[in-house]
Amino acid sequence: MRKKIVIGLTALSAFSCFSYGVVAYKLGLWPSPFYQRAFDAYSAEKERQDEVRKVMSDVPALEKRKIQTIAQSAKTALFDDQKVQPGLTLVMVGSGAAMLIDMSGKPRHVWQMPFSK
């Protein structure tokens, strides 16, 4: 008998939470806007990463190794957070590749173009 009551209360709680989630989403109640902003940020980051992957697929294999080596070495660089201004660094790689990296060493944008242009 007690087990049936616990199962019934658990099912009721789950249904209540689900129902509130649907209503909150439809009416824009808390925490729906928070989740929407998080989803938008995730989508923008995924688009940026897809763009970098697309550009990287056009870069020859030797250039890819150079770019990855530079990104890895940038990640291991030591700096004092209190003395450094946040920003991006432009790195030129080999024969016509340029990469914009952030302070953690993640590529933010990659350009592939011969220097003769």
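These are my notes from looking around a predicted model.

**Entry: the hairpin**

I started with strands 2 and 3. Strand 2 covers 97-101 and strand 3 covers 107-112. They pair in the antiparallel sense, over five bridges. I looked up two of the partners: Ala97 goes with Gln112, and Leu100 goes with His109. Together the two strands make a hairpin with five residues between them. In the turn I found Gly105, which has a positive phi of about 90°.

How enclosed is strand 2? Four of its five residues are buried, so the rest of the structure largely encloses it.

**Entry: Asp102**

Next I stopped at Asp102, in the loop between strand 2 and strand 3. Is it buried or exposed? I get a relative accessible area of 12% for Asp102, and the cut-off for buried is under 20%, so Asp102 counts as buried. Setting aside neighbours within four places in sequence, I listed what Asp102 touches: Gly87, Leu88 and Arg108.

With Arg108 there is a polar contact between the side chains, at 2.9 Å. The pair is also a salt bridge, with the closest N and O atoms 2.9 Å apart.

**Entry: following the charges**

I then followed Arg108 onwards. Arg108 is partly exposed, at 26% relative accessibility. Which other residue does Arg108 form a salt bridge with? I found Glu45, with the closest N and O atoms 3.6 Å apart. This pair links distant parts of the chain, since Arg108 is in strand 3 and Glu45 is in helix 2, 63 residues apart.

Glu45 has a second partner on my list, Arg48, and here the closest N and O atoms are 2.7 Å apart. Both Glu45 and Arg48 sit in helix 2, three residues apart, or about one turn of the helix. I checked their cover too: Glu45 is partly exposed at 26%, while Arg48 is buried at 16%.

So what do I have on the page? Glu45, Arg48, Asp102 and Arg108 are linked in a network of salt bridges. I noted the total for the structure as well: four salt bridges.

**Entry: a nonpolar patch**

Last, I went to the surface around helix 1. Which residues make the nonpolar patch there? I wrote down Tyr20, Val23, Leu27, Leu29 and Trp30, which together make about 570 Å². Trp30 is in the loop between helix 1 (2-27) and helix 2 (32-58). With a relative accessible area of 68%, Trp30 is exposed.

How values were computed. Residues are numbered from 1 along each chain as its sequence is written. This is a predicted model: local features need pLDDT of at least 70, side-chain atom pairs count only at pLDDT 80 or more; totals for chains, interfaces and linings use all residues. Side-chain values use heavy atoms; hydrogens and water are left out. Patches are made of residues with over 30% relative accessible area and no salt bridge: like charges are joined within 9 Å, nonpolar side chains (Val, Leu, Ile, Met, Phe, Trp, Tyr) within 5 Å. Accessible areas come from the Shrake-Rupley method with a 1.4 Å probe; for residues, only the protein chains shown count as cover. A salt bridge is a side-chain nitrogen of Lys or Arg within 4 Å of a carboxyl oxygen of Asp or Glu. Buried means under 20% relative accessible area, exposed over 50%, partly exposed in between (1.4 Å probe, protein chains only). A polar contact is a pair of N or O atoms within 3.5 Å; within protein, one must be able to donate a hydrogen and the other to accept it, and residues adjacent in sequence count only if both atoms are side-chain atoms. Contact means heavy atoms within 4.5 Å. Two strands pair if DSSP finds at least two bridges between them.
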